[in-house]
Each structure stands twice: as structure tokens, then as C-alpha cells.
Amino acid sequence: MPDHRYDPNDIEPRWQRVWADERTWEVANPVAGQSQAGEEPKSYVLEMLPYPSGEPHIGHLKVYSVGDAVAHFHRRTGRRVLHPMGYDAFGLPAENHAIKTGQHPRASTDAAIAEFQRQFRNWGISIDWSREFATCDPAYYRWTQWIFNELYRNGLAYRKEAAVKWCPNDQTVLANEQVIDGRCERCGFEVEAKQLEQWMFRITDYADRLLDDLDTIEWPEHVKTMQRNWIGRSEGAEVVFRCEELGIDYPVFTTRPDTLFGATFFVMAPEHPDVERLTAGTGNEDAVRDYVNHALNESNELRGAADKTKTGVFLGRHVVNPVNGEAIPMYVADYVLMEYGTGAIMAVPGHDERDHAFARAFGLPIRRVIEGENPDGDADGLPYAGDGALVNSAREFDGLPNREALEAIVAWLDREGKGHASVNYRLRDWLLSRQRYWGCPIPVVHCGACGIVPVPDDQLPVVLPDVSDYAPKGRSPLAAAEDWVNTTCPTCGGPALRETDTMDTFVDSSWYFLRYCDARNDQAAWDPAILHAWMPVDQYIGGVEHAILHLMYARFFCKALSDLGHIDVQEPFARLFTQGMITKDGAKMSKSRGNVVSPREIVERYGADTARAYILFIGPPDQDADWSDEGLEGVQRFLSRLWRLSAEAAERGAPGPLAGDPAGPDLDLVRKAHWAIEKVTGDLTGRFAFNTAIAAVMELTNEISRLRDDAGAAARRFALETANSLLFPFAPHVAADGYHLLTGERVWEEPWPVADQAYLARDTYELVCQVNGKVRDRVEVAADASGDALEAAALAAPNVVAHVDGHEVVKVVVVPGKLVNVVVR
């Protein structure tokens, strides 16, 4: 008797070799000029590209298990599937590793990519490897630089001063994540604020379209809400306050111009570029500088909290309130954020909670200009936030309802040239400069005669040079590569200096999905016809932590490139799925907690199919789930049982054909198989209910085991073929092996099974009988039984009778087709 033992170490490499040798998952691009009539519909399935650091983690296994299930289902339901991957390979981790070890960032990145490749192949993910690339490859970032040039030439990339976090010891700009409790994570020095020239993308030009077009895409509503809140559209007025001492106008945005007469002081954000200029010569320079440095090391959430003690420093200057000519003092305070409006506010303590707290702390006037229930103020001393008539304002506005006065005041400002109606966005232009080494070089030169000059397209890529020291010292590490920095101006031929800032890695990941469509094109970033054939991405899959920046930036790139005539889609991702996190012992996995689950170790011990099927079975994939070794072992037992049943059936040889009109156990098994087809198909169509789909295959397998001695060989084989076919998207190796043992065919080349509705219609069904909500019995009833008949059947069920005896029946709830609940007391 052969040893029918499930051995993933034999099965999985065998099928992986077939798929690799035959390049099974590669898909050809359409050929220009050929008719597309009769072609299969396309499906572009894409997971957010991973950052290759170390080796893949459990989150990678989950997101690619989800994506692969979708890709397999789409292939077998008649679609041409593009399912590529690559690596988001520039970034800080590799550079910091280089600073510590001296190893070139490319070396550690290449080693990580090799490990990702090895493990992803061992997982059996159906990737089109012919389109693979890393964003640090010059062949890729050549086109990143071309896109930058296109945006620059069309006014969507520009340079301006911006506030940055600066380490005075390391002499470098720090990213937010490199600042820990206000200090540099590397050296521990206190971080300071500094104004530096930075490169920006003009994403704010697209604020309305980014907002409005959310209605055109199928994304989770909570992700759309996050983007809407980040864009933060609000209507109001821009009002100009003038600092007469310096002759400078300061515009502010307010949604409450009806309270302008209540403005008694003026506050600027610590990041505001004019704070240093305003304090010059006032004697407050040191106090303001210390305050600004401290404020910039606190999170925006903490700074903006309503209950935070209000702090600030007088700037030694005043501005004039345009509606009443009153000179009001200027302060810098951390509760004002540069991200909102102009980074400066008119403070109205009589009608704003945080302004009120600041005024109380600094002894500033509090003036009520809207009359509420208590014209003299609330009894508890809080500001009044409601509607009412204007008071303590100009004669022409006093007595007007404040909403009516709002429009009248804005009209007056407009007539007087002191303000106008305005729409404001929380969204800020995208700061893309990084004073770091391991990133895409910005393709411009600085010429004394010509100014900023883009490197011509035919001279791209500007290749990142090798350097010996990756640690910044007051400038980007690239500045040390003097032979590289010193160049000639493409316009005048004179001496020029290359830009030494590199690009934010979000730039690389804002267009990679376009490159996959035509990844080997060395003449252009893409062929528009090929892009038209594949874009947009039909199903995008990734973590909700990217709901704002990555997804927003990718949408901006698509809209800008479309406006420039390079692509014909406005939105990159038609549908989005965000997967939940895998935890262990109820907590997020981390090395410090000792609760990290290694995909490599799990796959080596249990096999890729067990790992993949378990991670999809553990719960709804959009929700967090806690890892259980016992659950993992349960899934392996299921796979082993199905494979063993398949191997035993195959050994017995092909039975005769399934009877056209099966009866008894054969009919039960055939019905169960068609039920499973209907269930799994429904769970994969339009929703990602992988856990219940796998549960349905388990249920079918259990039924096969139960009826193995009663049902005929043909019915058992049909059910086993069906189980393997349905399992393939979740556990491709064992399903391919089982299906091939039974049929000699390749399951991925077979169409997805279709349920025969005749087998789904039943004369009877099992009615669940409850007493006070607890299941007490089950009875077989006619499919067309009336409500009265169902009630009678439930009340006659033996175990229901036993639990009702001695109690009063209060009511009977009948749910036809499902259950009857008898309520007693």
C-alpha cells in the first residue's frame, strides 16, 4: 500500500519548477495595430510594492496571499491578468545601515531583494517576473527624473524656503521619524528649526479634483474619509493684516469673518518663515528661537490639542486689524500649525476655545461680538460658539444675524481691497527634497548665468555616484562627490553645480504601477497604447497606513501626467482593498516583545500552502487577526486530508462517468460540491471573504470523508476535483497536485467551475430550532413549508418539547429557510 502522506517539501518545489520553467504567469502586452476584438477582458491586480529590508515579514505574506487569490480567480474566470511586483528600494534604512557599517546601500538592498525573490518564489506567488524592477535601478529612475522634468517644465515643481528639523551636531536635516522626544535619534542632540531651500510639487493645484474624484473610485469609505480630511476643504475669507512697523502684509484664512471685530491678537505658527525676521531687533530673538525649536519637536496632535496649556512668545510687533484699524500684538504659539491656512491666525478669544485659553494665559482682551443667550459671556467663562446677532462691531453690521453679517463683511473687505472670499485647503504642497544619499538624484543644475536648468532628457539618467561617507555634514552626502557635482550648464556651457538633494522615496512609488505595464521599454517610460490597454489598476491591495500620502501622491501624478498628455487615466486604482494586521498574543509583532512570526520559518516547517491558506482563513482579511499555531496546524491537517483523499482516489483509477441522475449519498455529495462552488464563487466575486470560502472547501472535504464508504467512486472523484479546483487560489501547490492526480490536467488552465442550479434547489432543508435563542434541535422540513408549518415542526421537535415543558410560550419567531426561535418564560 503506497504511503499517502502529504509532503509539501516534495509537492511545492515540483510545481514551482513547472511555473518557473514554463513562465506560466507571464502575460504579453497587446501588439500595436492588431485588433483587440474577442480578447479576454483585462485585470490588473497589484499589491503595494514592498520596501526590501532584511527579509519579508508576515504582512508581506498576507498582502500577497490576498492578491494572489484574486489573480488566480480572475485568470480562471476568463480575464487576462497582469500581476507584477518590484521593490521600493531607495530610502533611509539602507542608508543608515551604510552609515553604521560602511557597506554601500546598494549592497544591503541587493541582498534584501535576493532574499525577497527567494521567499516569494518559495511561496508560489503567481508573479509576472518578466516585469520585475527596483526603483534604485538607473533604468527605472531615468524615467522618475523625466517625470520630474515634465512637472518642472510645466510649473508643477518649484523651489522655495521651508522649515526643516535640523541636527546641529550631525549638521543634517532630519525626517520626522528621526526625531525622538525632540532629539536626534543618532546623536541625542536637541533638534532645531531651520529654513532651507527645498523642492516642492504643486499638488495643491489639484486639491479640488483630488477631492471630487474620490466619488469615481471604489475605495473603502474610511480611506476616502481620511483623504477628504487630509485635503481639508473649507470656505471662508482671506483677510489681510498689515504690520506697519515692517511694511509687510500678512494674509490669514478664516471661516469666521463675522468675528473679525473680536480679533484682539495675532498668532503665527513656529514654522512660519517670517518669525525670525519679525523678531530681529526686538530683543526677543533668543526667547523666540528657543520657543520655536522646542515647539517643532512636538507632534501636531499634541500642539493642536484643545486641553493643552497654551504657551507662546510675544514677537515684539503688531498688525492692524483691517476692519477697525486697531493695532493688535503678534505672538508665536505652538497651537497654530503651518498646515492650516497661511500659518497665521487672527485670534478671537470671545468665540474660539483655544484663543480664549491663550488670552487668559497672557492677559489679553476678550471681546464678545456675537450675542448669544448671555450677551456678557457664558457663566462658566467659556467662549460663545453659537449663532446670534452681531454686537460690538461696526454700526452697519451690528444687529445683523451673524451668518448674514459674514457675507456682508466679506463684501466690505473685497470693496476695500482688504480681503476676499476664499477656499482653503489643509493640503500643502509636497516637499520632496531630502538631504540624503540613497535616493533618486534631482535632475537639475545650478548655473550662475542661467539659474536652475533641467538636465536634458537625452542626458538622463543622472546616475547616483558612489561616495565613501554617507553621513550628512551640513549638506547632502552627494555634495562631497565634487567631480560629480561640478558640471557644465546644458544651456550656456558654463560651469554649473548639480543639485545635491535627492527625491523623497514617495516620488518613486507614485508611478511604478505605470512602468509595470511596459517595464522593458528603453525608449520611453511607457508606450501610451500599452498603458491604455492595462490602466487603471483594477484591484490595488495594501495597508491602510498608506491611505493618505502614497495614495494621494499617486493620484496627483496620474492627474498631472494626464493633463500633460502622457496618459489617459485620471485615477490610478479603480478599486482598493486594505488588509488588516496580523498580531501575536494580542499585540503587534515586534522583536522586543519576542512575538514575531517569521514567514520563512513557518514555510520551512509547514509549507507555503499551509501558511497562505491559514493567513486567509484566520478571519476577514480587512480586519486584524491574532496568530495561532494551533490554528495553523488545523489548516495543515485539512490540506493533508484533502490531498490524501485525492491520492487514494487517484490510485483506484478512473471510475465510470457520474450518473446523470444521482441519488442517495451520491446526490448528497454532488449537491454539496455544487453548494461549495456557489459559496466560494460568491465569496470571491466583489468581496474578499476568503475565510468563509476556505471554510466551504473544508466543509465539502468533511462531507467527502463522511460519505467515502457510502457514495460511489464517480461522485467522490467529482467532489474531490471540485474541492481541489476551489482551493487553488488559496493553496495552489497542493490543489494543483491533487487535481493533477485525479484528472491529469493543470487546474490553472481549467475554467472556474460553475454551479448547476438544479442541484442547489432542494425539496427539504434543515430547520434550526431554538429556545430563547439557544439551538436545541434541528428538523428536516419541506422547502415550501409555510410559517405555520415551520412553527408546528419546531414545537414538535423532541428537544424543543423538553425545554419548553413547564414554561409559558411567550412568542414564536419564524425565519423561513433558516430557523424558529421559541421564546418562553
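Two strands pair if DSSP finds at least two bridges between them. That rule comes into play at cysteine 769, which stands opposite aspartate 777 in E30. The model described here is predicted.

**The whole protein**

The protein has 825 residues, and buried residues make up 52% of them. It holds 27 helices and 32 strands. Its C-alpha trace spans about 100 × 80 × 55 Å along the principal axes. Among contacts with a separation of 6 or more, 72% are between residues 24 or more positions apart.

**A four-stranded sheet**

Cysteine 769 and its partner aspartate 777 belong to a pairing of two strands. E29 and E30 pair in the antiparallel sense, over eight bridges. They are part of an open sheet of four strands. The order is E30-E29-E32-E31, and the pairing is mixed. E30 and strand E31 (809-815) are the edge strands, since each pairs on one side only. From one strand to the next, the twist averages 20 degrees.

Between strand E29 (764-771) and strand E30 (774-782) runs a loop that holds asparagine 772. Asparagine 772 is not a glycine, yet its phi is positive, near 50 degrees. Its relative accessibility is 43%, so asparagine 772 counts as partly exposed.

**A parallel pair**

E24 and E25 run parallel, joined by four bridges. Isoleucine 541 has phenylalanine 577 in E25 as its bridge partner. Strand E25 covers residues 576-579. Which way do its side chains point? Leu576 and Thr578 point one way, and Phe577 and Gln579 point the other. All of these residues are buried. The general rule is that side chains in a regular strand alternate between the two faces of the sheet.

**Helices H2, H3 and H4**

Helix H2 (residues 58-76) packs against helix H4 (residues 105-123) at an angle of about 45 degrees. Their axes are 12 Å apart. H2 and H4 are therefore oblique to each other. Their crossing is right-handed. On the H2 side, the contact involves His60, Leu61 and Tyr64. On the H4 side, it involves Phe116, Phe120 and Trp123. Five residues of this contact are nonpolar, one is polar and none is charged.

H4 has another partner, since the buried residues of H3 pack against H4. Which residues of helix H3 (residues 92-101) are buried? They are Leu92, Ala94, Glu95, Asn96 and Ala98. Just after H3 comes glycine 102, with a positive phi of about 85 degrees.

**Backbone exceptions**

Most residues other than glycine have a negative phi, and most peptide bonds are trans. The table lists four places that depart from this pattern.

| Site | Feature | Value |
|---|---|---|
| leucine 460 to proline 461 | cis peptide bond | omega near 5 degrees |
| methionine 535 to proline 536 | cis peptide bond | omega about 0 degrees |
| arginine 23 | positive phi | about 50 degrees |
| asparagine 772 | positive phi | near 50 degrees |

Where do these residues sit? Proline 461 is in the loop between strand E20 (451-454) and helix H13 (482-485). Proline 536 is in the loop between helix H16 (528-534) and strand E24 (539-543). Arginine 23 is found in the loop between helix H1 (8-21) and strand E1 (42-47).

Is arginine 23 buried or exposed? Its relative accessible area is 52%, and the cut-off for exposed is over 50%. Arginine 23 is therefore exposed.

**A buried arginine**

Arginine 717 lies in helix H23 (residues 713-727). The relative accessibility of arginine 717 is 9%, so this residue counts as buried. The cut-off for buried is under 20%. What does arginine 717 touch, leaving aside its neighbours within four places in sequence? Its contacts are Ala649, Ala650, Gly653, Ala654, Pro655 and Leu742.

Valine 800 is 83 residues from arginine 717 in sequence. In space, the two are 39 Å apart, C-alpha to C-alpha.

Definitions and conventions:
Residues numbered from 1 in each chain as written. Predicted model: local features only at pLDDT ≥ 70, side-chain atom pairs only at ≥ 80, totals over all residues. Heavy atoms only, no water. Axes fitted to C-alpha atoms, helices over the stretch in contact; angles between N-to-C directions. Parallel < 35°, antiparallel > 145°, perpendicular 65-115°, else oblique. Left-handed = near helix turned anticlockwise from the far one by under 90°. Contact = heavy atoms within 4.5 Å. Nonpolar A, V, L, I, M, F, W, Y, C, P; charged D, E, K, R; others polar. Buried < 20%, exposed > 50% of the residue type's maximum accessible area, 1.4 Å probe, protein only.
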